[in-house]
Number of protein chains: 2
Amino acid sequence: MAKPPKQNSPITEHLAYLLAQANREINRQLELRLSKEGVPVEQWRILKVLSDGEGHSMGELADAVLLNHPTLTKMIDRMVSDTLVYRVQDPNDRRKVLMFISDRGKVLCKKLNSLAVDQEEHILESYGDKSTSELKRLLESLIDSSN
Amino acid sequence: MAKPPKQNSPITEHLAYLLAQANREINRQLELRLSKEGVPVEQWRILKVLSDGEGHSMGELADAVLLNHPTLTKMIDRMVSDTLVYRVQDPNDRRKVLMFISDRGKVLCKKLNSLAVDQEEHILESYGDKSTSELKRLLESLIDSSN
DNA sequence: TTGAAAATATTGAATATTCAAGAATTGAAG
DNA sequence: CTTCAATTCTTGAATATTCAATATTTTCAA
């Protein structure tokens, strides 16, 4: 007599698990590079978003860098201490705070960008051009379909 | 005179960012479902790994569920209190602790599995069969190429 | 215009995670 | 054997994150 059909797939087959695993690994690699400048990944994201020179509100930033509000507030506090960014009250809506990148922040951001580009190149090498762009496409579309 | 070429892609184009975003979203959805049973995603993963009935050491488990050792120890402490799992010292290597799932754990795990299957089905519907399996394939291969 | 509801950001307490150190056991070289 | 290094897990202190509550400002309906 045959075994009953396997009804529960192992965890390693779940999309949620694969995403977590891939994210963890890629993030670990990026972390490693950015640690050369002693900066956590989230701070790099913040600097990168702000490096358009425009003012961005805390809510906008929180969405963009995938952090919730209180966590962002506390991280920004640290970055203000390090004079990487600064706060300005929004003149049009005084509930809001606009964040700007400082000159020092811009300099740091450039260094971080090149470290990040190193990583992307490393991925392209070991994983391949085609796979990378296809994966990006699929991820974007998954994110879209989840809203 | 033309602008210099844009040298820094926006953060939303980085693979690391897309992975983080997709992971966050899918995880949020799964969390929402599992919260019906009041169980965090990591505990579901632990139960699922242990549900093969074999004993798994803490180190093995930590790798499998993407948690580092101290975090896992403390989570297991909670699960032991809830009598979902139990510890047995490995008779062959007394440095090791073997974790087992309890009967109560098995019952809970089944309920959680069906909640998780609901989610996977929901993804299949909105995102499509083909995209899902292609995405899984690419993620597996990315993970492979990162070792 | 006024007052209630919504939006925005921060704070503080509770909770969780991480880092570094410690305890126990095993392995292995001398 | 004995001793020293490596492995495995846990603990406690430091750090970070989250939840709930608060303060401020804006919006909008009555």
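Q: What makes the pair formed by M58(A) and a phosphate oxygen of DNA strand C a polar contact?
A: In this predicted model, a polar backbone atom of M58(A) is 3.0 Å from a phosphate oxygen of DNA strand C. A polar contact requires a pair of N or O atoms within 3.5 Å, and the value of 3.0 Å therefore qualifies.

Q: Which side chains have polar atoms close to a base oxygen or to a sugar or linking oxygen of DNA strand C?
A: The side chain of K74(B) places an N or O atom 2.4 Å from a base oxygen of DNA strand C. For R95(A), a polar side-chain atom is 3.3 Å from a sugar or linking oxygen of that strand. Both values are within 3.5 Å, so both pairs are polar contacts.

Q: What makes a residue count as near DNA strand C, and how many do?
A: A residue is near if one of its heavy atoms lies within 4 Å of the strand. Around DNA strand C there are 19 residues, and G59(A), K74(A), R87(A), K74(B) and R95(B) come nearest. Of the strand's atoms within 4 Å of the protein, 70% belong to sugar and phosphate. By class, this surface has four nonpolar, six polar and nine charged residues.

Q: Which helices supply at least two residues each of the surface near DNA strand D?
A: They are helix 4 (69-81) of chain A, and helix 3 (58-65) and helix 4 (69-81) of chain B. In total, 19 residues surround DNA strand D.

Q: How do you know that M58(B), R95(B) and V97(B) make polar contacts with DNA strand D?
A: The limit is 3.5 Å between N or O atoms. A backbone N or O atom of M58(B) lies 3.0 Å from a phosphate oxygen of the strand, and one of V97(B) lies 3.5 Å from a phosphate oxygen. The side chain of R95(B) has an N or O atom 3.1 Å from a base oxygen. The three pairs therefore count as polar contacts.

Q: Why is S146(B) called buried?
A: Its relative accessibility is 16%. Buried means under 20%, so S146(B) belongs to that class.

Q: Where does S146(B) lie, and which residues does S146(B) touch?
A: S146(B) lies in the segment after helix 6 (129-145) of chain B. Not counting residues up to four places away in sequence, S146(B) touches E25(A), I26(A) and Q29(A). A polar atom of the S146(B) side chain is also 2.8 Å from the backbone oxygen of L142(B).

Definitions and conventions. Residues numbered from 1 in each chain as written. Chains lettered and ligands numbered in written order. Predicted model: local features only at pLDDT ≥ 70, side-chain atom pairs only at ≥ 80, totals over all residues. Heavy atoms only, no water. Polar contact = N/O pair within 3.5 Å; in protein donor to acceptor, adjacent residues only side chain to side chain. Helix = DSSP H or I, 4+ residues; strand = E, 2+ residues; numbered from the N terminus. Buried < 20%, exposed > 50% of the residue type's maximum accessible area, 1.4 Å probe, protein only. Contact = heavy atoms within 4.5 Å. Nonpolar A, V, L, I, M, F, W, Y, C, P; charged D, E, K, R; others polar.
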